[in-house]
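Student: I have a model open and would like to work through its packing with you. Could we take it step by step?

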Amino acid sequence: MTAHTSHLASHHPSPSDSPLPPDMAAHAQVHWIQHGVAHSARWRCERGSVPPQRVVMADDTTTADVAYRQACAGTAMLWEGDFQNARQLLQAMGRRCDATPDRKRRKSARQTAAVPTTMPQAFHRHRLAQAQRARILGMLLLPLAADYSLAMRRAPDVQQACTEAWGAALAEDGSNVVSLRELLGMTSAQEWRRVGVEVPALGAAPGNRIYPHYGVFSPVRGEYIDLVAQAPLPPVAGNTHAAAVAFDIGTGSGVLAAVLARRGVGQVVGTDQSPRALHCARLNVQQLGVGHAVTLVQADLFPPGQAALVVCNPPWLPARAGSSIEQAVYDEDSRMLKGFLAGLAAHLLPQGEGWLILSDLAEHLGLRTRAELLALVADAGLVVLGRLDARPRHGKATNPDDPLHAARAAEVTSLWRLGAASGA
């Protein structure tokens, strides 16, 4: 699964928000002065942002108010104190980000009363607030040695988490600097990878777990997987046709490819652009015992040839992703959705079906209409053969304090069964 996002309204990225080209990001350096001595290290940032231009030292004596003010002003802080104190400082900074001053709250209330906020405006404000919060909290930095070790009081062993996210440490790369927020995300991802996610649609425990890797979408929203497990297979891909072929476009963790293989589809070809995702999917299908039925190919959308069934779960929101990790949710200008629909008919065998798994959250947010979606289907020479719906079960759907609660409460995830129109 991949993600896309439309440009945020009235958002002009600051220099630290602007992504570096991949070749430049791989050699970006952060510079600072410590005890009167100039230092530099490799800048590690999943977002590919430029390194902070101003870096000061911070330690156990740095207060949350001081740290928050410096971060808001664009000054990064390189930590040299106790690790657990750094975590507490980051949490305190987060609380300051989330606390809207009374003056701003009253002003916002007056503006809302004068001009009602539309759902697209609420979405863009939410995204802007998320981006601003991430920028501020990303200003608390940690130094890592060339081997990814963290020489700090009460520091955990983060070497394995860093290796899984960045690859093997190379002595010639030298020391590293990473934001504490990003490092905590990496250690959390390592735990998901260790424990896995139970997927009931794959059968009975214990052989029904998917192990997501860092930067690969975790299949925690089970309703879309259940739809693929329950939808009737087209006749040419049914369980009695062990030689049938299915494509899983944007395979991610490989969960949908594994579900299809468990349903008896003889050969599943999963594609993804991300080497990270393909490695994750390969390990998952192997440990699930369906590696013999699943072939993985690095490709943008379709592999060569045709299939009886082509499945795609594209990113659901047409908006710009702020990092590669967000590409599982946001897809700028619906690139993947449009590409899948435009190429589907040419990759379907006669009587074959394309399954588009898509939430209507974008419709409730005012980012895309149902009429626009159906027009894309028709313009691609496709017809709707049927649709299966499911309500989301995640916590945000029932949280009235969520800024987008009205849209999330109305959300429905659908599996659209598509076929080629006559003569297409």
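Student: Which strand holds V178?

Tutor: Happy to start there, keeping in mind that this is a predicted model. The strand to look at spans residues 176-179, and V178 has its place in strand β6.

Student: Is V178 buried or exposed?

Tutor: Let's apply the cut-off: buried means under 20% relative accessible area. V178 has a relative accessibility of 0%, so V178 counts as buried.

Student: Which residues is V178 in contact with, leaving aside its neighbours within four places in sequence?

Tutor: Good one to check in your viewer. With those neighbours set aside, the contacts of V178 are R44, L140, L141, L142, L144, W166 and L183.

Student: How are α3 and α7 oriented to each other?

Tutor: Helix α3 covers residues 83-98 and helix α7 covers residues 180-195; their axes lie 11 Å apart at an angle of about 105°. Angles of 65 to 115 degrees count as roughly perpendicular. Therefore α3 and α7 are roughly perpendicular.

Student: How many residues of the contact of α3 with α7 are nonpolar, and how many are charged?

Tutor: From α3 come F83, A86, R87 and L90, which meet L180, R181 and L184 of α7. No polar residue belongs to this contact, and the split is five nonpolar and two charged.

Student: Which helix gives the largest share of the largest nonpolar core?

Tutor: That core has 57 residues, and I249, L260 and W355 are among those that touch the most other members. Seven of its residues come from one helix, residues 255-262, and this largest share belongs to α9.

Methods:
Residues numbered from 1 in each chain as written. Predicted model: local features only at pLDDT ≥ 70, side-chain atom pairs only at ≥ 80, totals over all residues. Heavy atoms only, no water. Core = buried A, V, L, I, M, F, W, Y, C linked by side-chain atoms within 4.5 Å. Buried < 20%, exposed > 50% of the residue type's maximum accessible area, 1.4 Å probe, protein only. Helix = DSSP H or I, 4+ residues; strand = E, 2+ residues; numbered from the N terminus. Contact = heavy atoms within 4.5 Å. Axes fitted to C-alpha atoms, helices over the stretch in contact; angles between N-to-C directions. Parallel < 35°, antiparallel > 145°, perpendicular 65-115°, else oblique. Nonpolar A, V, L, I, M, F, W, Y, C, P; charged D, E, K, R; others polar.
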